[in-house]
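Here are some short exercises to work through with the model open beside you. Try each task before you read its solution.

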Amino acid sequence: MIVVEVETRGDVAIVTLARPEKLNAINDDMLHGLLDAVESIGSDDSIGAAVLTGRGRAFSTGGDITAMDAMDEATFARTIALYMELSAAVRACPKPIIAAVHGYALAGGFELALMCDVRFAAKGTQFGLPDTPLGLSPTSGMTWLLPRIIGLGRAMDLTLSAENIDADEAERIGLVNRVTEPEDLLAEAETFAHRMATYPRVGVAWTKLGFHRALEGGFEDATRSEAAAELACFQSRDTRERFRAFLARKRD
């Protein structure tokens, strides 16, 4: 059974979690499918950006507890390693990945949204981290990512309280970038992705890489990385063509 579907719409890939009967609960097949999709998107020159969404009533309610309960320790460790590998792959992908979240984004589903570069959410979406009451802890690099997005205090509150927040609150605290009407969610995320895909790929890739590198180092590290990135952009034929097109418009 295919649990991750990839559709190409022009220069944008739409990646859909496709276990609606399980509210897109994440199993190993889904993790492998997402890894394959991210790798393919990153290496396909015809694709400039991607949207990650879920079919049915939820983006994803997180890990498949039924499957997890049947695992031995070695199997569970391999599953956790897949989450970590996927998070690293999304960060390393040179193309922007936009999450289009609706219904529920809980536990591992919350982590999937957090991995993405930009997050759109439909009004009424519920975000939550019910791991702690189950005796689990965050994965996918969330202990590193979440405090950098919403601050340590809010990250600890969300994680330890295990209380859900809605899309409006998620936007207020910076977890979500944009809130849409439910019927407009995918179209608005796709429009944003298409706009990103029209930009020179070298600039987009170095911008994404630059922000991630800057989070990991100090100010001097960031400025050195920025200088190298800007030079790489300047050397790109696509960038120079954009220069000439800009100057031609000014002359007109």
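A salt bridge here is a side-chain nitrogen of Lys or Arg within 4 Å of a carboxyl oxygen of Asp or Glu. The structure is a predicted model, in which local features need pLDDT of at least 70 and side-chain atom pairs count only at pLDDT 80 or more, while totals for chains, interfaces and linings use all residues. Residues are numbered from 1 along each chain as its sequence is written, and side-chain values use heavy atoms, with hydrogens and water left out.

**Exercise 1. A bridge across the sequence**

Task: Find the salt-bridge partner of E190 and say which parts of the chain the pair ties together.

Solution:
- Step 1: Start at E190 and look for its partner, which is R9; their closest N and O atoms are 2.7 Å apart.
- Step 2: Place both residues: E190 belongs to helix α8 (residues 185-198) and R9 to strand β1 (residues 4-9), so the bridge ties together parts that are 181 residues apart in sequence. Helices (H or I, at least four residues) and strands (E, at least two) are DSSP runs, numbered from the N terminus.
- Step 3: Check the surroundings, where buried means under 20% relative accessible area, exposed over 50%, and partly exposed in between (1.4 Å probe, protein chains only). E190 has 13% relative accessibility and counts as buried, whereas R9, at 28%, counts as partly exposed.

**Exercise 2. Two further bridges**

Task: Compare the settings of the K208–D117 bridge and the K123–E181 bridge.

Solution:
- Step 1: In the pair K208 and D117, the closest N and O atoms are 3.0 Å apart. K208 sits in helix α9 (residues 201-216) and D117 in the loop between α4 (108-115) and β6 (118-122), 91 residues apart.
- Step 2: K208 is buried, at 9% relative accessible area, while D117 is partly exposed at 26%.
- Step 3: Now turn to K123 and E181, whose side chains meet at 2.8 Å, N to O. K123 is in the loop between β6 and β7 (126-128), and E181 is in the loop between β9 (178-180) and α8, 58 residues apart.
- Step 4: K123 is partly exposed at 44%, and E181 is partly exposed at 33%.
- Step 5: To finish the topic, note that salt bridges sharing partners join E7, R9 and E190 into one network. The search of the whole structure finds eight salt bridges.

**Exercise 3. Backbone angles to look at twice**

Task: What is notable about phi at L23 and at A107?

Solution:
- Step 1: Recall the background: most residues other than glycine have a negative phi.
- Step 2: L23 has a positive phi, near 55°. This residue lies in the loop between β2 (12-17) and α1 (28-43) and is partly exposed, at 22% relative accessible area.
- Step 3: A107 also has a positive phi, near 50°. Its place is the loop between β5 (104-106) and α4, and A107 is buried at 10%.

**Exercise 4. The neighbours of a loop residue**

Task: Is I173 buried or exposed, and which residues does it touch?

Solution:
- Step 1: Locate I173 in the loop between α7 (167-172) and β9.
- Step 2: With a relative accessible area of 9%, I173 is buried.
- Step 3: Leaving out residues up to four places away in sequence, I173 touches I149, I150, R154 and I165. A contact means heavy atoms within 4.5 Å.
- Step 4: For contrast, take E73 in helix α3 (residues 73-92), which is exposed at 72%.

**Exercise 5. The whole chain**

Task: How many helices and strands does the protein chain have, and how does its radius of gyration fit the globule rule?

Solution:
- Step 1: Count the elements: eleven helices and nine strands.
- Step 2: The radius of gyration is 19 Å, close to the 18 Å that the rule gives for 252 residues, so the chain is as compact as a globular protein of that length. The radius is taken over C-alpha atoms, and the rule is 2.2 Å times the number of residues to the power 0.38.
- Step 3: Add the box that the C-alpha atoms fill, roughly 65 × 40 × 35 Å along the principal axes.
- Step 4: Finish with burial: 42% of the 252 residues count as buried.
- Step 5: Of the contacts with a separation of 6 or more, 74% are between residues 24 or more positions apart.
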